[in-house]
Amino acid sequence: MLNRFVVLTLLVTSSAFAQKTPIKITADLSDAPRKIYHAEVDIPVTSGVVSLTTPQWIPGNHRPTGPVSDITGVVFSANGRPLTWRRDDTDLYQFHVTVPEGVTTLHAHLDCIVTSRISQRLAVLEWEKLLLYPANTPVKDIPVQPSVTVPAGWGIGTALTPTDGYDPQHPKGGTTHFAVTTVEQLEDSPVITGQYFREFALAPEVTPKHYIDVVSDEPEDANLRPAVLTQLNNLVREAQAAYASHHYNAYHFLLTLSDVAGGEGLEHGQSSDNGTDEKTFTDEAHLLADADLLPHEFTHSWNGKYRRPDNLYQDTFAKMQQGSLLWVYEGMTQYLGNVLAARSGLKSQAQYRDLLAMSAANLDYKPGRQWRSTEDTAIAASILRGGNSAWANWRRGQDYYQEGELFWLDADTFIRQKTNNQKSLTDFLHIFLAKGGNTGPLIVTYDRKELIADLNQVLPYDWATFIHDRIDNINPRADLDGIERGGYKLVFTDKPNPSEKMIGAAAGARRGGSAWYSLGLRISAEGLISDVRWGSPADKANIGPGTKVLAVDGNIYSSGALRKAIQDAKGKTEPIHLILQNDTFVRLADINYHDGERYPVLQRIEGTPAYLDDITKPLTTPEKVPTEKKTE
């Protein structure tokens, strides 16, 4: 039953919306190559002072990122005559306009300066850049009819429903009109567009329909490899089996491939905005580091968009989103995204374990956990996002992602152990994520009490204490119980695991030295230290972030020279000698470290159930990935 939930329909077919005149907005991306968007907005009004606003708290960003400072060229008019306006003195996102008698439509023109997610050949529109709507009104109650104009020949990818016959297989550019929706849903429906555009249908037998829309800077990159499309077909089927429901009318993976405009992963209910480097999907080596990107953001359609923490959801984009349950919203999604990546073939089971080892080791060697709990990283999400890397290990950052991943692995293996592998977290997901069955785009909120109740339906246990001990308490060491209960243990060897080597090879010259678990340094290929582990040998040598290593043991710095120095110092008493540059000063420093190189890996615990392997096995019969020729 859904009687205790706040169920918010985003569909606009109800009679309540039919009674209202929608805002009409045309987003003009024709000037995207010049780093500026335009919008023409017609807003139904009555006479008197009208207060309009742009979004401040963007769902999924976990902090107030509305680009109001980049919104410019604002002009209001009515019946062709300009009207004066004034910004609110305290809410800088609001505009106040006095509407004359008899005026029923207020016109607004605005521009937005856009310097990211854009190149000469593609662009991404997240609607907060151009949205303008009545302030202090629940955004689910404001109807809006969008249109988008793009350069000639450019294709468009979006979950919005076109009303004028737009054919993604024959993109022509110009203006495309979309069906009426709400401001809440429009904000949740980004648009990608580009000169090189492809749309591929995925798992055609699955209902509702799924697509991946791709734009790229180079024409060959938009034509995804058959192996990737097969893996994405598997992903759609695996998600259906894992979550036992759908909460969208159709789903679009939106993918931008660009060295200029990449670097994004943002969830939406009926789509996801994914941006990576130009060559990420060209081969397994380049894909591995981002193999969980699409599964992660896809999972958010269920966990985060449909099921959303009650204190994170707000009915306007002006109210603060509270993050105390982000270890569920993001943490469980981090866990499930990596599991789905393995089940669908985007990475192998062995690669899953390698990357899990690297993540778990990073958390276990994060001294900031001595004073900050996992829950506090979630509560403080809006002030931890975007922080610099200096002493990041002592401050801690958005650890609710990876800490949450370990927590939900712990819960999954615990359920499996207690039920002799007859039940698992999948049983919980079928309860928690599938409440209400298949739906269109909805938001159904929850709290910790409901989370515990749903876990108890799968396995009666003191889940309140289980959560409190791992999430609320200060824990100087990472939660490795799920890994060990899953049949493996975290150990360190003197060589990188195969996945770490593959990722390093794909990064090429950009890859810096790896001395975090030895000296306690994060260091670039050029020798610039971005972080120093609190309490590490480098910390004890009074080395700080921002320092540049000029030489190591008498040799000009290189990643290879640093590795050799660590190897040569093993078992000896002579320290590692560094020449350092701090600002405009040069000094010497000695690091007393003699235990050699250290790289994390998971080692099998013989004689124990391999639940970790069971977890990453497909739930469906996977489509066979085509064999590809190896490129030299």
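Me: Hi! Where does Leu588 sit, in which strand?
Reply: Leu588 is in strand β31, which covers residues 585-591. Do keep in mind that this is a predicted model.

Me: Thanks. Is Leu588 buried or exposed?
Reply: Leu588 counts as exposed, because its relative accessibility is 66%, and the cut-off for exposed is over 50%.

Me: Which residues make up the nonpolar patch with Leu588?
Reply: Ile579 and Val586 join Leu588 there. Together the three have about 300 Å² of accessible area on the surface.

Me: Switching to helices. How do α3 and α13 cross?
Reply: Their axes cross at roughly 80 degrees and come within 7 Å. Helix α3 spans residues 226-243, and helix α13 spans residues 425-432.

Me: And what do you call that arrangement of α3 and α13?
Reply: Roughly perpendicular, because angles of 65 to 115 degrees are put in that class.

Me: Which residues meet where α3 and α13 come together?
Reply: From α3 you have Ala241, Ala242 and Tyr243. On the α13 side they meet Thr426, Leu429 and His430.

Me: Now some backbone oddities. Is the peptide bond from Thr207 to Pro208 cis or trans?
Reply: That bond is cis, and its omega is near 0 degrees. Pro208 belongs to the loop that runs between β17 (196-202) and β18 (210-216).

Me: Why would I flag a cis bond or a positive phi at all?
Reply: Because most peptide bonds are trans, and most residues other than glycine have a negative phi.

Me: What is the phi of Arg117, then?
Reply: Arg117 has a positive phi of about 60 degrees, though it is not a glycine. You'll find Arg117 in the loop between β9 (105-113) and β10 (122-125). Arg117 counts as buried, because its relative accessibility is 9%, and buried means under 20%.

Me: And what about the phi of Arg396?
Reply: Arg396 is also not a glycine, and its phi is positive, about 70 degrees. Arg396 sits in the loop between α11 (392-395) and α12 (400-418). With a relative accessible area of 1%, Arg396 is buried.

Me: Which residues are linked with Arg396 in a network of salt bridges?
Reply: Arg396 shares that network with Lys366, Arg369, Asp399 and Glu403.

Me: How many salt bridges does the count come to?
Reply: The count is 33 salt bridges.

Me: Let's look at a few. What separates the side chains of Arg372 and Asp376, N to O?
Reply: They meet in a salt bridge at 2.5 Å, N to O. Arg372 is buried at 9% relative accessible area, while Asp376 is partly exposed at 27%.

Me: Which partner does Arg470 meet at 2.7 Å?
Reply: That's Asp410, in a salt bridge with 2.7 Å from N to O. Arg470 lies in helix α15 (residues 463-472) and Asp410 in helix α12, so this pair ties together parts that are 60 residues apart in sequence.

Me: Are Arg470 and Asp410 buried or exposed?
Reply: Arg470 is partly exposed, with 21% relative accessible area. Asp410 is buried, and its value is 0%.

Me: What about the salt bridge between Arg470 and Asp479, how many Å from N to O?
Reply: For Arg470 and Asp479, the N to O distance is 3.9 Å. Asp479 is buried, with a relative accessible area of 15%.

Me: New topic: where is Ala390?
Reply: Ala390 is in the loop between α10 (381-384) and α11. At 31% relative accessibility, Ala390 is partly exposed.

Me: What is Ala390 in contact with, leaving aside neighbours within four places in sequence?
Reply: With those neighbours set aside, Ala390 is in contact with Arg395, Ser530, Asp531 and Pro545. As for Ala261, which is 129 residues away along the chain, its C-alpha atom and that of Ala390 are separated by 26 Å.

Me: Last one! Where does Ser348 go?
Reply: Ser348 is placed in the loop between α7 (331-344) and α8 (349-364). Ser348 counts as partly exposed, with 32% relative accessibility. The C-alpha atoms of Ser348 and Val625 are separated by 12 Å, with their positions 277 residues apart along the chain.

Note on methods:
Residues are numbered from 1 along each chain as its sequence is written. Side-chain values use heavy atoms; hydrogens and water are left out. Patches are made of residues with over 30% relative accessible area and no salt bridge: like charges are joined within 9 Å, nonpolar side chains (Val, Leu, Ile, Met, Phe, Trp, Tyr) within 5 Å. Accessible areas come from the Shrake-Rupley method with a 1.4 Å probe; for residues, only the protein chains shown count as cover. A salt bridge is a side-chain nitrogen of Lys or Arg within 4 Å of a carboxyl oxygen of Asp or Glu. Helices (H or I, at least four residues) and strands (E, at least two) are DSSP runs, numbered from the N terminus. Buried means under 20% relative accessible area, exposed over 50%, partly exposed in between (1.4 Å probe, protein chains only). Axes are lines fitted to C-alpha atoms, for helices over the stretch in contact, and angles run from 0 to 180 degrees between N-to-C directions. Angles under 35 degrees count as roughly parallel, over 145 as roughly antiparallel, 65 to 115 as roughly perpendicular and the rest as oblique. Contact means heavy atoms within 4.5 Å.
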